[in-house]
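Hello,

Here is the structure I promised to pass on to you. Have a look at it first, and then read on for what turned up in it.

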Amino acid sequence: MPKDQSVVRPGSRCPLCGHPIRWYDNIPVLSFLLLAGRCRDCRGAIPFRYPIVEVLTGILFAVIAGRFGLTFIALKCALFVAMMLILGFSDLTDRLLPDEITLGGAALGLVFSFIKPLQPGAVALVLGLMTVPVSPRLVSLAESLTGALIAAGVLYLIAEIYYRVRFREGMGLGDVKMMAMIGAFFGLREAVLALMFASILGAVVGLLFILIFRKGTAYELPFGTFLAFASILQVVV
């Protein structure tokens, strides 16, 4: 996706020699170990991030199933975590957050909120004070939409202020769309918590890069990666 290629056709192929990957060489983790981390045809090294993503996905799915059982919530969380892993590693390696995941994920979050209502939040509080009877599904959809818009708006405002002060971009629109996705899936409160945790984590890692690797203060860290793993921790912990 970061390279704007189809994930359907053509099928899996070696990124070095382009040779199609046989089905028995495409089994998660196991094939990597049996091939000793190298393509069967050109013997080029298979990026280590592939088995890392496969192992992480399996572990996270198991944790979610153990926490929520085989429920609709588990399905929702598993899909969210899978998309966040894609975004986190995509931003880490290519500095790109594909719209297919961020915007598509935001739309999916809205659908999920209508099927399975979110926990009552700001919208429910306001409607409760106004004593307005509204369907719980519609309230949940409003919570999801409000979370997406406000979370994305806050991050966009931060990025815009940074640009006006420093005269250079400090954050891309991909991060803003990613915040909209988190807000749509879990509401405003969880989105804000993810933003706070990601900011703290990014600040700590950024400081370590400056001190240990002698990077300047202008060094760009993939904020989407921190945002992805902060939101994943909120789901599984």
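Let me begin before helix 1, in the segment where Pro 10 has its place. The peptide bond that joins Arg 9 to Pro 10 is cis, with omega at about -5°. Please keep in mind that this is a predicted model.

Val 29 is also found in the segment before helix 1. Although Val 29 is not a glycine, its phi is positive, at about 65°. With a relative accessibility of 25%, Val 29 counts as partly exposed. Arg 95 is another residue that is not a glycine and yet has a positive phi, of about 55°. You will find Arg 95 in the loop between helix 3 and helix 4, and at 38% relative accessibility it counts as partly exposed. As background for these backbone details, most residues other than glycine have a negative phi, and most peptide bonds are trans.

Next, the aromatic residues. The count of aromatic pairs comes to 8. In one of them, the ring centres of Phe 80 and Phe 186 are 4.8 Å apart and the planes stand at 85°; an angle over 60 degrees counts as edge-to-face, so that is what this pair is. Phe 80 belongs to helix 3 and Phe 186 to helix 7 (residues 173-186), so the pair ties together parts that are 106 residues apart in sequence. Which of the two partners is buried, and which is partly exposed? Phe 80 counts as buried, at 0% relative accessibility, while Phe 186, at 23%, counts as partly exposed.

Phe 112 and Phe 185 make a tilted pair, with 5.8 Å from centre to centre and 55° between the planes. Here Phe 112 lies in helix 4 (residues 99-115) and Phe 185 in helix 7, so this pair ties together parts 73 residues apart in sequence. Phe 112 is buried, with a relative accessible area of 6%, and Phe 185 counts as buried at 0% relative accessibility. These four residues belong to one aromatic cluster, formed by Phe 72, Phe 80, Phe 112, Phe 185 and Phe 186.

Two residues are worth a look for their surroundings. Not counting residues up to four places away in sequence, Phe 186 touches Lys 76, Cys 77, Phe 80, Leu 118 and Val 235. Phe 186 is also 9.9 Å from Ser 231, C-alpha to C-alpha, with their positions 45 residues apart in sequence. Thr 102, in helix 4, is buried with a relative accessible area of 0%. On the same basis, leaving out residues up to four places away, Thr 102 has contacts with Leu 87, Leu 97, Gly 174, Lys 177, Met 178 and Met 181.

There is a ring with a charge over it, too: the charged end of Arg 137 sits over the ring of Phe 114, 5.9 Å from the ring centre.

Finally, the largest pocket. Its volume is about 1600 Å³. Of the 46 residues that line this pocket, Ser 12, Arg 13, Pro 15, Arg 49 and Tyr 50 are the closest to its centre. Helix 1 (30-34), helix 2 (49-68) and helix 3 (72-94) each supply at least two residues of the lining. Which helix gives the largest share of that lining? The answer is helix 3, with 7 residues. By type, the lining divides into 25 nonpolar, 11 polar and 10 charged residues.

Best wishes

Definitions and conventions
Residues numbered from 1 in each chain as written. Predicted model: local features only at pLDDT ≥ 70, side-chain atom pairs only at ≥ 80, totals over all residues. Heavy atoms only, no water. 1 Å grid on protein atoms, 1.4 Å probe; cavity = no way out; pocket = protein on both sides within 12 Å on 5 of 7 lines; lining within 4 Å. Points joined across faces, edges and corners; volume = space filled by probe spheres on them. Helix = DSSP H or I, 4+ residues; strand = E, 2+ residues; numbered from the N terminus. Nonpolar A, V, L, I, M, F, W, Y, C, P; charged D, E, K, R; others polar. Phe/Tyr/Trp six-rings, centres within 6.5 Å; stacked < 30°, edge-to-face > 60°. Buried < 20%, exposed > 50% of the residue type's maximum accessible area, 1.4 Å probe, protein only. Lys NZ or Arg CZ within 6 Å of the ring centre and 35° of its normal. Contact = heavy atoms within 4.5 Å.
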